Amino acid sequence: MHSCQSAGVKAVGGHTKGNSMAQVATVTERILEAIAQSPGCRIEDVACACPDLSWDQVFLEVDRLSRRGEVLLRLEGRGIYTLRLPAI
């Protein structure tokens with residue numbers, strides 16, 4: 001079983017500061033930020049970094065980003081995938 005406390009991924013806030021008021025970061029922005037902060041993390045780690053998102057929300061967005069080439073999935077073992085951002 002995977003524990004968020006042992007994941008080693010920082011929580012990614014749902015709010016970012018704008019010029020005059022707080023703006024809610026999009027699901028995409030938060031997931032990309034979590035992966036950028038911890039390259040090679042697992043989807044469970046990203047879900048832990050975004051505790052107000054469901055695992056399904058994280059999975060669907062990672063799937064979409066992967067299909068667009070914005071996130072790279074790497075099979076590490078049976079059913080274990082790690083996430084990275086592509087090199088710029």
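A residue is called exposed when its relative accessible area is over 50%, buried when this value is under 20%, and partly exposed in between. With that in hand, here are the legends; please keep in mind that the model shown is predicted.

**Figure 1. The whole chain combines 3 helices with 5 strands.**
Starting at the N terminus, you will meet the elements in the order β-β-α-β-α-α-β-β. The chain has 88 residues, and 30% of them count as buried. If you take the contacts with a separation of 6 or more, 48% of them join residues that are 24 or more positions apart. The close-ups that follow go from the core to the pocket and then to the salt bridges.

**Figure 2. The largest nonpolar core is made of 15 residues.**
To find your way around this view, begin with Ile31, Ile35, Val46, Val58, Val62 and Leu83, the members that touch the most other members. Helices α1 (27-37), α2 (43-49) and α3 (55-67) each bring at least two residues to this core. The greatest contribution is that of α2, which gives 4 residues.

**Figure 3. Ile31 and its contacts with residues beyond its sequence neighbours.**
Once the neighbours within four places in sequence are set aside, Ile31 is in contact with Val46, Val58, Glu61, Val62 and Leu65. Among these partners, Val46, Val58 and Val62 also belong to the core members that touch the most others, as does Ile31 itself.

**Figure 4. Val62 is a buried residue of the core.**
You will find Val62 in helix α3. Its relative accessible area is 3%, so Val62 counts as buried, the cut-off being under 20%. Residues up to four places away in sequence aside, Val62 touches Ile31, Ile43, Leu73 and Leu83. Val27 is another useful landmark here: 35 residues separate it from Val62 in sequence, while their C-alpha atoms are 10.0 Å apart. Val62 also appears in the next view, as one of the residues that line the largest pocket.

**Figure 5. The largest pocket holds about 230 Å³ of space.**
Its lining consists of Arg42, Ile43, Glu44, Trp55, Phe59, Val62, Asp63, Leu73, Gly79, Ile80, Tyr81 and Leu83. Two or more of the lining residues come from each of α2, α3 and β5 (80-84). Helix α3 gives the most, with 4 residues. Sorted by character, the lining has 8 nonpolar residues, 1 polar residue and 3 charged ones.

**Figure 6. Ser66 in helix α3 touches Val71 and Leu73.**
Those two contacts leave out residues up to four places away in sequence. The relative accessibility of Ser66 is 24%, so this residue counts as partly exposed. Look for Leu83 as well: the C-alpha atoms of Ser66 and Leu83 are 9.2 Å apart, with the two positions 17 residues apart in sequence. Leu73, touched here by Ser66, is also touched by Val62.

**Figure 7. A salt bridge joins the side chains of Asp52 and Arg30.**
The N to O distance in this pair is 2.5 Å. Asp52 sits in the loop between α2 and α3 and Arg30 in helix α1, so the bridge ties together parts that are 22 residues apart in sequence. Are the two partners buried or exposed? Asp52 is exposed, with a relative accessible area of 56%, whereas Arg30 is buried, at 4%. A search of the whole structure gives 5 salt bridges, and two others are shown in the next views.

**Figure 8. Arg67 and Asp63 form a salt bridge in helix α3.**
The closest N and O atoms of this pair lie 3.1 Å apart. The two residues are 4 positions apart in the helix, so about one helical turn separates them. With a relative accessible area of 68%, Arg67 is exposed, while Asp63 is partly exposed, at 26%. You have already met Asp63 in the lining of the largest pocket.

**Figure 9. Glu76 forms a salt bridge with Arg74.**
Here the closest N and O atoms are 3.4 Å apart. How accessible are the partners, Glu76 and Arg74? Glu76 counts as partly exposed, at 42% relative accessibility, and Arg74 counts as exposed, at 53%.

Key
Residues are numbered from 1 along each chain as its sequence is written. This is a predicted model: local features need pLDDT of at least 70, side-chain atom pairs count only at pLDDT 80 or more; totals for chains, interfaces and linings use all residues. Side-chain values use heavy atoms; hydrogens and water are left out. A nonpolar core is a set of buried Ala, Val, Leu, Ile, Met, Phe, Trp, Tyr and Cys residues joined through side-chain atoms within 4.5 Å. Buried means under 20% relative accessible area, exposed over 50%, partly exposed in between (1.4 Å probe, protein chains only). Contact means heavy atoms within 4.5 Å. A salt bridge is a side-chain nitrogen of Lys or Arg within 4 Å of a carboxyl oxygen of Asp or Glu. On a 1 Å grid over the protein atoms alone, a cavity is a set of points where a 1.4 Å probe fits but cannot get out, and a pocket is an open set with protein on both sides within 12 Å along at least five of seven lines; lining residues have an atom within 4 Å of a point. Grid points are joined across faces, edges and corners, and a volume is the space filled by probe spheres set on the points. Ala, Val, Leu, Ile, Met, Phe, Trp, Tyr, Cys and Pro count as nonpolar, Asp, Glu, Lys and Arg as charged, and the others, Gly among them, as polar.
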